[in-house]
Amino acid sequence: MKPSNKKIQIFSLAIFFAAVIFFLFFLIHIQRPNESGSRGKESENHEQLILGFSQIGSESAWRTRNTQSIFEAAEQNGIQILFDDAQQKQENQLKAIRSFIVYQVDVIAFVPIVEYGWDNVLREAKEAGIPVIVVDRQIRADESLYAGFLGEDGLEEGRSAAQFLLDKYQEETKPVLIFEMSGTKNSSVVRERASGFREKITGFPKFQIIHSVDGDFLRSRGKEIGEKLIQACIDSDTFKNDGLYYNGRKIDVVYSHNDSMTLGLLDSLENYEINPSEITIISVDAEQKSIDALVEGKIDCVVECNPNLGPMLMELVKQVAGGNEIPRFTYNTGKVFTQDDDFSLYTPRGY
């Protein structure tokens, strides 16, 4: 016997109201602001802080360690992370930050791929009452729209790289020809590492930057750049395996903005049996593989950019979540490793 239409309607209504009750229950339990409507009062509502974090990608061992450090510190501090991998695309980061705003996280932190184009989304976060911390790379935006910056001092890294050259070539009277491999175009760290380097060698005419090329911080691009230099010599029937040449001029120094590009360049040298000791190579980051290459005599100087920002970031997150101001700039510290070091004192990098 078929059920009556009335019974079907009653059953349908019961299902509908059950679904509504479940949905309301779900909303109540994910709602992040406390009863007064203010944000970030973990001590008042005893809820776990939620950090929305957008990373630019995983293009290197340094970047992978940077992400791991943040997750480890978050776990140690009882902070939940909503994570997004932007895969080297700014549009992905903008979408991620907006999704964090919709979710009503307590704090947003992100590693900006480039310097420009953030004002609108930062304004949306501020209107939603969510503080934002910029990590690793700086931005060109209204400073009132974000709480502060945490990361490296790119200018000082560039200066450290140049200081190594000044010391190494202090007795040299001939021109010192420098080939520069920079990172992602329009990123703050590229501008700063380049500016700090140039600032230091200004006033010493013997140091000449003969070419600068964008390697996008990628090992594959570093290898490609090296192979193009070598192939140009092969095509002009001027190839020699006593170093690298650019437009017929022998390169004395390669200044690379990160280890990945440096390691890629070393790959190309190895493929053509060029001894890297023929070139003074300066790199930035201090991944384990670059330190190993330094010990082997393939690299002359490595300027450390410390990826372990997690503990410092969590302290800043807790401060801004509690409604407190943080410093406009918080810099992490790093070392400079050179061929003159006592290698027995080196400890494993962990990345």
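## Strands S10 and S11

Val 254 stands opposite Ile 281 in strand S11. The model in which this pair is seen is a predicted one. Val 254 belongs to a pairing in which strand S10 (residues 253-256) and S11 run in the parallel sense, joined over three bridges.

How many of the residues of S11 are buried? Six of its six residues are, and the strand is described as mostly covered. The side chains of S11 point two ways: Thr 280, Ile 282 and Val 284 one way, and Ile 281, Ser 283 and Asp 285 the other. Residues on both sides are buried. Ile 281, the residue opposite Val 254, is thus named among the buried ones.

## The six-stranded sheet

S10 and S11 are part of an open sheet of six strands, in the order S7-S6-S10-S11-S12-S14. The pairing in this sheet is mixed. Strand S7 (207-214) and strand S14 (336-338) stand at the edges; each has a single partner strand, so one side of each has no neighbour in the sheet. From one strand to the next, the twist averages 15 degrees.

At the S14 edge, strand S12 (residues 301-304) is joined to S14 by three bridges, and these two strands run antiparallel. In this pairing, Val 302 stands opposite Phe 337 in S14.

## Helix H3 and its surroundings

Helix H3 covers residues 61-76, which is 16 residues. At 1.5 Å a residue, the helix should span 22 Å, and its end C-alpha atoms are 22 Å apart, so the two values agree. Just after H3, Gly 78 takes a positive phi of about 65 degrees.

Which residues of H3 are buried? They are Trp 62, Arg 63, Arg 65, Asn 66, Thr 67, Ser 69, Ile 70, Ala 73 and Ala 74. An α-helix has 3.6 residues a turn, so residues three or four places apart point the same way. The cover over the buried residues of H3 includes strand S1 (50-55), strand S2 (80-85), strand S4 (132-136), strand S11 (280-285) and helix H11 (310-321). Strand S11 therefore appears both in the sheet and in the cover of H3.

## Arg 65

Arg 65 lies in helix H3. Is Arg 65 buried or exposed? With a relative accessible area of 14%, Arg 65 is buried, because the cut-off for buried is under 20%. Leaving out residues up to four places away in sequence, Arg 65 touches Glu 72, Pro 307, Asn 308, Gly 350 and Tyr 351.

## Two residues with positive phi

Asp 136 has a phi near 75 degrees, a positive value in a residue other than glycine. Asp 136 is placed in strand S4 and is buried, with a relative accessible area of 3%.

Glu 273 also is not a glycine, and its phi is positive at about 55 degrees. Glu 273 lies in the loop between helix H9 (259-271) and S11. With a relative accessible area of 64%, Glu 273 is exposed.

## Two loop residues

Leu 49 is found in the loop between helix H2 (42-45) and S1. Leu 49 is buried, at a relative accessible area of 3%. Along the chain, Leu 49 and Gln 80 are 31 residues apart, while their C-alpha atoms are separated by 6.2 Å.

Lys 240 lies in the loop between helix H8 (219-235) and strand S8 (245-246). Its relative accessibility is 48%, so Lys 240 counts as partly exposed. The C-alpha atoms of Lys 240 and Tyr 272 are separated by 9.6 Å, and these residues are 32 apart along the chain.

## Cysteines

How many disulfides does the structure hold? The count is zero. Cys 233 is buried, with a relative accessible area of 8%. Cys 305 also counts as buried, at 1% relative accessibility.

## The whole chain

The protein chain has eleven helices and 14 strands. Of its 351 residues, 48% count as buried. The chain exposes about 17,400 Å², and carbon and sulfur atoms supply 52% of this area.

Contacts can also be sorted by distance along the sequence. Among contacts between residues at least 6 apart in sequence, 74% join residues at least 24 apart.

Definitions and conventions. Residues numbered from 1 in each chain as written. Predicted model: local features only at pLDDT ≥ 70, side-chain atom pairs only at ≥ 80, totals over all residues. Heavy atoms only, no water. Pairing = 2+ DSSP bridges. Helix = DSSP H or I, 4+ residues; strand = E, 2+ residues; numbered from the N terminus. Axes fitted to C-alpha atoms, helices over the stretch in contact; angles between N-to-C directions. Buried < 20%, exposed > 50% of the residue type's maximum accessible area, 1.4 Å probe, protein only. Contact = heavy atoms within 4.5 Å. Areas by Shrake-Rupley, 256 points an atom, 1.4 Å probe, with all protein chains shown as cover. Disulfide = S-S within 2.5 Å. Expected span 1.5 Å × (residues − 1).
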